[in-house]
Amino acid sequence: MNLKELSQLLDLSQTTISRALNGYPEVNEKTRLRVLEAAQSHGYKPNSNARKLATGKAGSIGYVLPVGRNVDLDPHFVEFLSGLGEHALSHEIDLSLTPAPYERETEAYGRIAASRSVDGVYLSSMRNDDQRIALMKKLGVPFLAHGRALKPADGYAYMDIDNEGAFYDAARLLLQLGHRRLGFINGDTDFSFAVHRLNGVRRAIADHGLGPDTLVAHSAAMNEENGYNLTMALFATADASTRTTGILSASMFTTLGVVRALNQLGLRMPQDASVISHDDVFPFLKPESFSVPQTTTRSSIRAAGARICARLVDIISGVEREPLQEVWPVELIVRASTGPAPAERKQVRRGSRQAAE
């Protein structure tokens, strides 16, 4: 069945049917459902070129992909893109990637706007003072940010997780377990998510009545090598009285290196060091699969990708009219990698012996 035949069957204009199928808000819900049911029952599939002509839309969302000698393909991005791509496929939306080095990013967005090759773009890896937000507004390109910049703080649509709250809860757990020397192997603090996480850890320490010397924080790209090197650095010069006993890790990939370093140093989890990681819910790297199951803060980055796609479609079609700022809560999942600080364990054992006597 083609569009003309579907139009005659439903006694609706071809324009109304196209707009109903593409989620335009001016089509009422009853009509939209009627069109969708008829299209499905009669096997109607819109011609992509005809749909573009009828709606004035490209049927595509875009992303400027960072490339260059110092850019690695980040597994976090691949997992996010999987979630976004699955949702896009189910709604017959194409994805358009425009590769560009960081220093030529502005040119890439300019080409996208001039060519009208996409209906909207999503921004990721939000920087502390992110210039892309003002650029998108200037170019008039609909956009949605995955994450949020420190500046500007409002006036644009984003979807983020509560990074500060997640690492506040993680640090508070370690402090409640008696840990007084914390090490934080964070992501790159040029990006706002890492700043939010560091703020959460510092706030938990302050709320516990402790000083800044409680924490040693490192900032680096989230990979196994940095996890190993920075964990070794945490223990390089410390004696028993100043040794780190609680480690916070920004990513499961970083944690691979943390665990390797602890094993090499002969330190056990959680007897000698407790570890809490952030888990983006990778299907190939599960916290339960470590030799000691990892306590984690957990939020699915694949689900975030699907949500970004769904919201961006709503922004493009006009369903989402105001810049909604959405922040997901993060779960804290306690497993075997966390336990009382060594000093607390000694007190418990001493108390047990005295009780026995």
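A polar contact is a pair of N or O atoms within 3.5 Å; within protein, one of the two must be able to donate a hydrogen and the other to accept it. The legends below apply this term to close-up views of a predicted model.

**Figure 1. Overview of the predicted chain.** The chain has 357 residues, of which 45% count as buried. Its secondary structure comes to 13 helices and twelve strands. The C-alpha trace spans about 90 × 45 × 35 Å along its principal axes. Among the contacts in the chain with a separation of 6 or more, 69% come from residues 24 or more positions apart. The chain exposes about 17800 Å², and carbon and sulfur atoms supply 51% of this area.

**Figure 2. The surroundings of His179 in the loop between helix H8 (163-176) and strand E6 (182-186).** Is His179 buried or exposed? His179 counts as buried because its relative accessibility is 0%, and the limit for a buried residue is under 20%. The side chain of His179 reaches the backbone oxygen of Gly339 at 2.9 Å. The side chain of His179 also makes a polar contact with the side chain of Thr245, at 2.7 Å. When residues up to four places away in sequence are not counted, His179 touches Leu174, Thr245, Gly246, Ser274, Gly339, Pro340, Ala341 and Pro342. Thr245 and Gly339, the partners in the two side-chain approaches described above, thus appear among the residues that His179 touches.

**Figure 3. The surroundings of Arg148 in the loop between strand E4 (143-146) and strand E5 (158-161).** Arg148 has a relative accessible area of 17% and is therefore buried, as the limit lies at 20%. Which residue joins its side chain to that of Arg148 in a polar contact of 2.6 Å? The partner is Asp160. Without counting residues up to four places away in sequence, Arg148 touches Met126, Tyr156, Tyr158, Asp160, Ile161, Asp162, Ser192, His196 and Val327. Arg148 and Glu5 are 143 residues apart in sequence, and their C-alpha atoms are 46 Å apart in space.

**Figure 4. Aromatic pairs and a ring cluster.** A pair of aromatic rings is described by the distance of the centres and the angle of the planes. The count of aromatic pairs comes to eight. One of them joins Tyr156 and Tyr158, with 5.5 Å from centre to centre and 55 degrees between the planes, a tilted arrangement. Tyr156 is buried, with a relative accessible area of 1%, and Tyr158 is buried as well, at 6%. Phe282 and Phe284 also form a tilted pair, with centres 5.3 Å apart and planes at 40 degrees. In this pair Phe282 is buried, with a relative accessible area of 2%, whereas Phe284 is exposed, at 53%. In addition, ring pairs link Tyr63, Phe77, Phe80 and Tyr122 into a cluster.

**Figure 5. Charged ends of arginine over tyrosine rings.** The charged end of Arg203 sits over the ring of Tyr168, at 4.1 Å from the ring centre. The ring of Tyr228 has the charged end of Arg260 over it, 3.9 Å from its centre.

**Figure 6. Helix H1 (residues 3-10) and its buried face.** Leu3, Leu6, Ser7 and Leu10 are the buried residues in H1. Seen down the helix axis, these residues fall within an arc of 105 degrees, so they line one face of H1. Which helices do the buried residues of H1 pack against? They pack against H2 and helix H3 (29-41). The face of H1 turned away from the buried side carries Lys4 and Gln8, which are exposed. At the start of H1, a side-chain oxygen of Asn2 reaches to within 3.2 Å of the backbone nitrogen of Lys4. Just after H1, Asp11 takes a positive phi of about 55 degrees.

**Figure 7. Helix H2 (residues 14-21) and its buried residues.** In H2, Ile17, Ser18 and Ala20 are buried. The buried residues of H2 fall within an arc of 165 degrees when seen down the axis, so they line one face of the helix. H2 is also one of the helices that the buried residues of H1 pack against.

How values were computed. Residues numbered from 1 in each chain as written. Predicted model: local features only at pLDDT ≥ 70, side-chain atom pairs only at ≥ 80, totals over all residues. Heavy atoms only, no water. Helix = DSSP H or I, 4+ residues; strand = E, 2+ residues; numbered from the N terminus. Buried < 20%, exposed > 50% of the residue type's maximum accessible area, 1.4 Å probe, protein only. Contact = heavy atoms within 4.5 Å. Phe/Tyr/Trp six-rings, centres within 6.5 Å; stacked < 30°, edge-to-face > 60°. Lys NZ or Arg CZ within 6 Å of the ring centre and 35° of its normal. Arc of directions from axis to C-beta. Areas by Shrake-Rupley, 256 points an atom, 1.4 Å probe, with all protein chains shown as cover.
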